[in-house]
Amino acid sequence: MNESITRDRTAYSEGLLPTRTRRRLIVGISGATGVVYAIRLLQLLREADVETHLVVSKPGEMTRAYETEMSMKDLRGLADVSYSIADVGAAISSGSFKTMGMVVAPCSIRTLSEIATGVTSTLLTRAADVVLKERRRLVLMVRETPLHAGHLKSMLAATENGAIIAPPVPAFYTGAQTIDDLVDHTVGRVLDLFDIDTDAVKRWGEGDGLRALGKAVRVANGFDNAAQM
Ligand SMILES: Cc1cc2nc3c(=O)[nH]c(=O)nc-3n(C[C@H](O)[C@H](O)[C@H](O)COP(=O)(O)O)c2cc1C
């Protein structure tokens, strides 16, 4: 059993902890391109001391093989607990298992569609549905382009059910130099939605570089004057 869970359970049974102290987040990986988002997410969550529960769809395993050098064992090793996609009786399939919510990174159209309808066929989509019914936070990093009306309707339906659609769309105003910089910013903004702070986000109006850039652009456009710089 995972060491941290064993430690927490022991503390509960001994009455040392009135409530859970460690935050938990579920991470789902579906078969859209962009496994790197989940990898970085899991790394940042570990740094932030958030307990992670991972479930990967079969197509997600395929994209992992296409897009990374990482073995399935190593990918699963980034999480505190990892589940089989077929195990619909796992802890995360029940609302009584408390979590902050779930991120699907990346989220395929197929997975989005299951979540939008509530007709779930795997542990990944069941866990997402549970997060919604418990009114917890569900963030879907939907990745497809271009989009037809059915895709857009599914995004609307998922949003109406309480999900947050957060497509992995890069921001260029941060002065990113590498793909890693772009990925970090995107993933950091997703973690913002859970109020999980990391150093991954370069925030507009904060830090020397971005504050100066913001000021310079405002001055150039006549929204501000140089005297205030
Ligand atoms: C290399 C590769 C990239 C893919 N990229 C996407 C994508 O960006 N978006 C998407 O919706 N499906 C994509 N697919 C197709 C999905 O993997 C496929 O629809 C699958 O059934 C999704 O199942 P899942 O949602 O259970 O993971 C891709 C497939 C492969 C092999």
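User: In this predicted model, over how many bridges do strand β1 and β4 pair?

Analyst: Strand β1 covers residues 24-29. It pairs with β4 in the parallel sense, and G28 stands opposite V104 in β4. The number of bridges between β1 and β4 is three.

User: Which residue is the bridge partner of C107 in β5?

Analyst: Strand β5 takes in residues 137-142 and runs parallel to β4. Five bridges join β4 and β5. In β5, the partner of C107 is V142.

User: Is strand β4 largely enclosed or largely open?

Analyst: A residue counts as buried if 20 or more other C-beta atoms lie within 10 Å of its own. In β4, residues 101-107, seven of the seven residues are buried, so the rest of the structure leaves the strand largely enclosed.

User: Which residues of β4 are buried on the side that holds M102?

Analyst: In a regular strand, side chains alternate between the two faces of the sheet. On one side of β4, G101, V103, A105 and C107 are buried. On the other side, the buried residues are M102, V104 and P106.

User: Which helix gives the largest share of the shell around the ligand?

Analyst: The ligand is surrounded by 16 residues, and the closest are S30, G31, A32, S57 and P59. By class, the shell has five nonpolar, eight polar and three charged residues. Helices α3 (58-67) and α5 (109-117) each supply at least two residues of it. The largest share, five residues, comes from α3.

User: Why can Y173 and R189 be said to gather at one spot?

Analyst: The "binding site" annotation in the unreviewed UniProt entry covers Y173 and R189. They span 17 residues in sequence, yet no two of their C-alpha atoms are more than 13.9 Å apart, so they gather at one spot.

User: Is Y173 buried or exposed?

Analyst: Y173 lies in the loop between β6 (164-165) and α8 (179-192). A residue with 12 or fewer other C-beta atoms within 10 Å counts as exposed. Y173 has 12, so its class is exposed.

User: What is the exposure class of R189?

Analyst: R189 is found in helix α8. It has 16 other C-beta atoms within 10 Å. The class between buried and exposed applies, so R189 is partly exposed.

User: Over which residues does pLDDT stay under 50?

Analyst: The mean pLDDT of the protein is 90, and 88% of its residues reach 70 or more. Where pLDDT is low, the predicted coordinates should not be read in detail. The model has 12 contacts beyond four places in sequence for the stretch under 50, which is residues 1-13.

How values were computed:
Residues numbered from 1 in each chain as written. Predicted model: local features only at pLDDT ≥ 70, side-chain atom pairs only at ≥ 80, totals over all residues. UniProt positions renumbered as here; feature names shortened; annotations may be inferred. Helix = DSSP H or I, 4+ residues; strand = E, 2+ residues; numbered from the N terminus. Pairing = 2+ DSSP bridges. pLDDT = per-residue confidence, 0-100. Contact = placed C-beta atoms within 7 Å. Near = placed C-beta within 6 Å. Nonpolar A, V, L, I, M, F, W, Y, C, P; charged D, E, K, R; others polar.
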